Amino acid sequence: MTWTGAVPVDRLERETMMRVAGRLLPLLMICYFIAYLDRVNVGFAALTMNKALGFSAAVFGLGGGIFFVGYFLFEVPSNLILSKVGARSWIARILTSWGLISALTAFVWNEWSFYAVRFLLGLAEAGFYPGIILYLTWWFPSAYRSRIIGVFMTAIPISVITGSIVSSQMLRLDGWLGMAGWQWLFIIEAIPAVILGFLVWFYLTDTPEHARWLRADQREWLMLRLATEREQREAIRHYALGETLRNPRVWLLTLVYFGQNMSGYGLVLFLPQIINKFGASLSETGLITAIPYVFGGIAMVLWGLHSDRTGERPKHAAASCLVAFAGLAVCIFIDNPIIMMTALVVAQMGQSSIAPTFWTLPTAMLSGTAAAGGIALINAVGNLGGFLGPYLMGVVKDSTGSFSLGLLTIATGTLVGGLVLLALGHDRRLETTVPHGSTHPSVSTGE
């Protein structure tokens, strides 16, 4: 056992990582909770908004997905700015601007105003998710990242679960102060983002060297561990920003993330309508919509933890993709609502488990400005799948009258992603820790 002062290294490591996780994760999870809520609450608004404004399924799908076009255009610049000015000020800006624009959705009056606000919302939120992924690499060594990203991303199922119940109830405010329920939904759910913008500005710490809330020995251990990992990674291969943006492996990972978003957002934006078509009331729709995300949240954390403990990445991510594909594709053969919901629960368990294991691959490969640009590129282009998925769902539904055919269509994204991941593999040396003075890397599990 190696000692630092009077504290054993393994104890120092546990204390440090628990302190860092306890300080950073709750606020980041709340921010992502609100981000996802403001991104997908349009799916519940559609239950009454579409009829009020005369939107077809194709119009709604295009508007729901056009968010990702704005997101795509500003994603890489946003993440590069964050890496220069720091996470605290830039994430605060993102939160405040998207909250204000999200509230404007309450005042759209036709399809073009709907498209415009959704596009602007994507511009405002661009850089938030990849910025957080980058930020987590500044604080958590490789051996912790899958589980930490998994815990962070439980904000998605919590957001969908809570949002499903709250959003469906807000639709009951119809007529209050002369506005429709769907309008109140957008206004009320936008307020927390603006408040969080101010909280982030005052509370978040940019890097470990500025963390006065850590003891000196904890701060020094964490900075040394992260620096050592970066040296090992760059000793194998150091990528400049330009090389990263041209790297075939980065683009293949982008394809995987495109497929994941194509199926994920196609499902989440149309799930309330699928369930409502089963004959559920507004309140029942909110409760039933939450069910797949309860199981998805549990699967996400456990699968990420298993990946960290085994040190295996691509097969974990590929298995998640293939489970998501199977759950969605089998719906084409199912008419019974209960059996279909069971299939959708399985699909969401796979869908939720993709990202925590997937993001360990590019973050192990890239560092510095290359990490900022590469993560943003993967997220930016990959999120165009979030545009294509809802659009395809809407077009297929309008053309065939079937949600099941739409689910089969978007499921192809995760099938392709799973096959690509199996073919890519992963160099485990990128996630090893080399003690100073040693020439033999040893894998650290962080346990």
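**Notebook: salt bridges, cysteines, a helix and a patch**

I started at aspartate 308, which is buried, and its neighbour in my notes, arginine 313, is buried too. For me, buried means under 20% relative accessible area, exposed means over 50%, and partly exposed is in between (1.4 Å probe, protein chains only). A note on what I'm reading: this is a predicted model, where local features need pLDDT of at least 70 and side-chain atom pairs count only at pLDDT 80 or more, while totals for chains, interfaces and linings use all residues. Residues are numbered from 1 along each chain as its sequence is written, and side-chain values use heavy atoms, with hydrogens and water left out.

**Salt bridges**

I looked up how aspartate 308 and arginine 313 meet: their side chains form a salt bridge, 2.8 Å from N to O. The term covers a side-chain nitrogen of Lys or Arg within 4 Å of a carboxyl oxygen of Asp or Glu. Aspartate 308 also has a salt bridge to arginine 147, and the closest N and O atoms there are 2.8 Å apart. That pair ties together parts that are 161 residues apart in sequence, because aspartate 308 lies in helix 13 (residues 282-310) and arginine 147 in helix 7 (residues 142-153). Helices here are DSSP runs (H or I, at least four residues), numbered from the N terminus. Arginine 147 is buried, as is aspartate 308.

How many salt bridges does the structure hold? I found seven. Another of my entries is glutamate 13 with arginine 225, whose closest N and O atoms are 3.5 Å apart. This pair links distant parts of the chain, with glutamate 13 in helix 1 (residues 9-40) and arginine 225 in helix 10 (residues 216-236), 212 residues apart. Both glutamate 13 and arginine 225 are buried. I also noted a network of salt bridges that links Arg11, Glu15, Arg215 and Asp217.

**Cysteines**

Next I checked for disulfides (cysteine sulfur atoms paired within 2.5 Å), and there are zero. Why does cysteine 321 have no such bond? Its sulfur is 17 Å from the closest cysteine sulfur, in cysteine 331, and that is too far. Looking from the other end, cysteine 331 has its closest cysteine sulfur in cysteine 321, also at 17 Å. Cysteine 321 counts as buried because its relative accessibility is 1%, and cysteine 331 is buried at 0%.

**Helix 18**

I then traced helix 18 (residues 384-400): 17 residues, 24 Å from the first C-alpha to the last. That is close to the 24 Å expected at 1.5 Å a residue, where the expected span is 1.5 Å times one less than the number of residues. Its buried residues include Gly385, Gly389, Pro390 and Met393. Right after helix 18 comes glycine 401, with a positive phi near 75°.

**Nonpolar patch**

On the surface I marked a nonpolar patch of about 510 Å², made by Ile291, Val294, Phe295, Ile298, Leu302 and Met349. Patch residues have over 30% relative accessible area and no salt bridge; nonpolar side chains (Val, Leu, Ile, Met, Phe, Trp, Tyr) are joined within 5 Å, like charges within 9 Å. Helix 13 gives the largest share, five residues. Valine 294 is in helix 13, and it counts as partly exposed because its relative accessibility is 37%.

**Leucine 177**

Last lookup: where is leucine 177 found? It sits in the loop between helix 8 (155-170) and helix 9 (181-203). Its phi is near 55°, a positive value in a residue other than glycine. Leucine 177 is exposed, with a relative accessible area of 62%.

Notes
Helix = DSSP H or I, 4+ residues; strand = E, 2+ residues; numbered from the N terminus. Areas by Shrake-Rupley, 256 points an atom, 1.4 Å probe, with all protein chains shown as cover.
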